[in-house]
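Q: I should like to learn how to read a protein model, one feature at a time. Where should a newcomer begin?

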Amino acid sequence: MKYFPERMKAARKLNGYSLQDLSDKLSISLSKQALSRLETGEVKPDSKTISILSKVLNVGADYFFRQHSVSLDDIKFRKLKSLPAKELDKITAQTVDFLERYLELEDILGVDSPLNFSLKLKKVETFGEVEKAAEELREKWKLGTDPLPNIIEMLEENGIKVFIIDADTSFSGMSTIVKNKIPVIVLNISQSIPQTRIRFTALHELAHLYLKLDHLDEKIYEKFCDVFAGAFLLPGKKLEAFLGNKRSKILTNELIMIASQYGISMAAIMYRAFSLEIISASYHKFFMIRYNKFHIKEKEFEVYKGREKSDRFLQLIFRAVAEEVISTSKAASLNNQKLGDFREILDEKWLLQ
């Protein structure tokens, strides 16, 4: 029972419940006061209580007896101010749960995902240095200047754990570092968020992990992260090849062609053009007024057809099952599923029985 109180609190936050919410879900089983005593450790649960809580909180009974193996440090959120604190707690708790399962799986298999860059060591002072940092990391990862078809997969291949979540649209993403060595990016992939925004957010969070920014004012370093994301998505040399060195006018069709290839919003393309002095400040302002007036942002869902995903975690689970390192029930637990639901996935994807 040593870990029960903190694990119960974590499971509650995992579901986005307050104590009153949980009590309401349990009907007359447990009052808010009774739940509070369980969370503080004042009262120890019996087997019946654990069974009830397990079902309502969608976790296995064993969840309540494991010590937390992950804590999130130096979290950077990309969000709107309207995002409720309870939603932030839910996202954080779900991230911790995912990482505990992910790291346990890697430990079982004896695999690692080596990091292909140094964390927070690239010090920058100017926008030009940020632009150069993005170019250097692209070069280090051997990406050239071509479009990036799957940024989430690219991040995973270079040692970053990526957790995708369907959350309140006020939340875009966050980054953190676990155990001082494991970088993590969390992305909201809600269907109401354009793929271009998801991609931009992923690279904005990469900037938080890669660049040394603590010496800067928050507003400035957030701007630096935006510049890094734009430069990483669409290298300056490529944009100049598309548009030329100086332009007084740019057609929407030109922007659509670039956006469809590089998975970047038209607004971000135009900001890149402005920052590289391809267009003037006055023309950039003129474009953004029209961009907002005619709701172009809402129409951009149709421009880029790519999809962001990574199968690494599921592939590791399948590998562990195939090599009989873990049982099917353990695999279901690691994938946060009921055994029957996991077996359906296994049947769908298993080609060699």
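A: Begin with burial. A residue counts as buried when its relative accessible area is under 20%, as exposed when that area is over 50%, and as partly exposed in between. Please keep in mind that this is a predicted model. Of the 353 residues of the protein, 49% count as buried.

Q: What is the overall make-up of the protein in helices and strands, and what does its C-alpha trace span?

A: The secondary structure comprises 17 helices and six strands. Along the principal axes, the C-alpha trace spans about 75 × 50 × 40 Å. As for contacts with a separation of 6 or more, residues 24 or more positions apart account for 69% of them.

Q: How does one apply burial to a whole strand, such as β4?

A: One counts its buried residues. In strand β4 (residues 171–178), eight of the eight residues are buried, so the strand is largely enclosed by the rest of the structure.

Q: Which strand is joined to β4, and how do the two run?

A: Strand β5 (residues 182–188) is joined to β4 by six bridges, and the two run antiparallel. Within this pairing, Thr176 stands opposite Val184 in β5. The two strands form a hairpin with three residues between them.

Q: Are the faces of β5 covered or open, and which residues lie on each side?

A: Both faces are covered. On one side are Ile182, Val184, Val186 and Asn188, on the other Pro183, Ile185 and Leu187, and all of these are buried. The count agrees, for seven of the seven residues of β5 are buried.

Q: Which other strand is joined to β5, and in what direction do they run?

A: Strand β3 (residues 161–165) is joined to β5 by five bridges, and these two run parallel. Ile164 has Leu187 as its bridge partner in β5.

Q: What should one look for in the turn between β4 and β5?

A: The backbone angle phi deserves attention. Most residues other than glycine have a negative phi. In this turn, Lys179 has a positive phi of about 55 degrees although it is not a glycine. Asn180, also found in the loop between β4 and β5, has a positive phi near 60 degrees. Lys179 is partly exposed, with a relative accessible area of 47%, whereas Asn180 is exposed, at 70%.

Q: How does one read the surroundings of a helix, for instance α1?

A: The count of buried residues serves here as well. Eight of the eleven residues of helix α1 (residues 4–14) are buried, so this helix is largely enclosed by the rest of the structure. The buried residues are Phe4, Pro5, Arg7, Met8, Ala10, Ala11, Arg12 and Leu14. They pack against α2 (19–25), α3 (32–40), α4 (47–57) and α5 (85–109). After α1 comes Gly16, whose phi is positive, near 75 degrees.

Q: What is the angle between the axes of α10 and α12, and how is it to be read?

A: The axes of helix α10 (residues 236–243) and α12 come within 11 Å and cross at roughly 95 degrees. Angles of 65 to 115 degrees count as roughly perpendicular, and the two helices are therefore roughly perpendicular to each other. Where they meet, Gly236, Leu239 and Leu243 in α10 face contacts from Ile269, Arg272 and Ala273 in α12.

Q: Which residues have the most contacts inside the largest nonpolar core?

A: They are Leu155, Leu206, Phe228 and Phe232, in a core of 61 residues. Helix α9 (residues 218–233) gives the most to this core, with nine residues. Among the residues that Phe228 touches are Val130, Leu137, Leu203, Leu206 and Tyr210. A second, separate core has 36 residues, including Leu83, Leu105, Phe171 and Ala320.

Q: Finally, how may one study a single loop residue, such as Ser265?

A: One considers its place, its burial and its neighbours in turn. Ser265 is found in the loop between α11 (252–262) and α12 (266–275). Ser265 is buried, with a relative accessible area of 18%. Its side chain reaches the backbone nitrogen of Ala268 at 3.1 Å. Not counting residues up to four places away in sequence, Ser265 touches Thr196, Tyr291 and Glu300.

How values were computed
Residues numbered from 1 in each chain as written. Predicted model: local features only at pLDDT ≥ 70, side-chain atom pairs only at ≥ 80, totals over all residues. Heavy atoms only, no water. Buried < 20%, exposed > 50% of the residue type's maximum accessible area, 1.4 Å probe, protein only. Helix = DSSP H or I, 4+ residues; strand = E, 2+ residues; numbered from the N terminus. Pairing = 2+ DSSP bridges. Polar contact = N/O pair within 3.5 Å; in protein donor to acceptor, adjacent residues only side chain to side chain. Contact = heavy atoms within 4.5 Å. Core = buried A, V, L, I, M, F, W, Y, C linked by side-chain atoms within 4.5 Å. Axes fitted to C-alpha atoms, helices over the stretch in contact; angles between N-to-C directions. Parallel < 35°, antiparallel > 145°, perpendicular 65-115°, else oblique.
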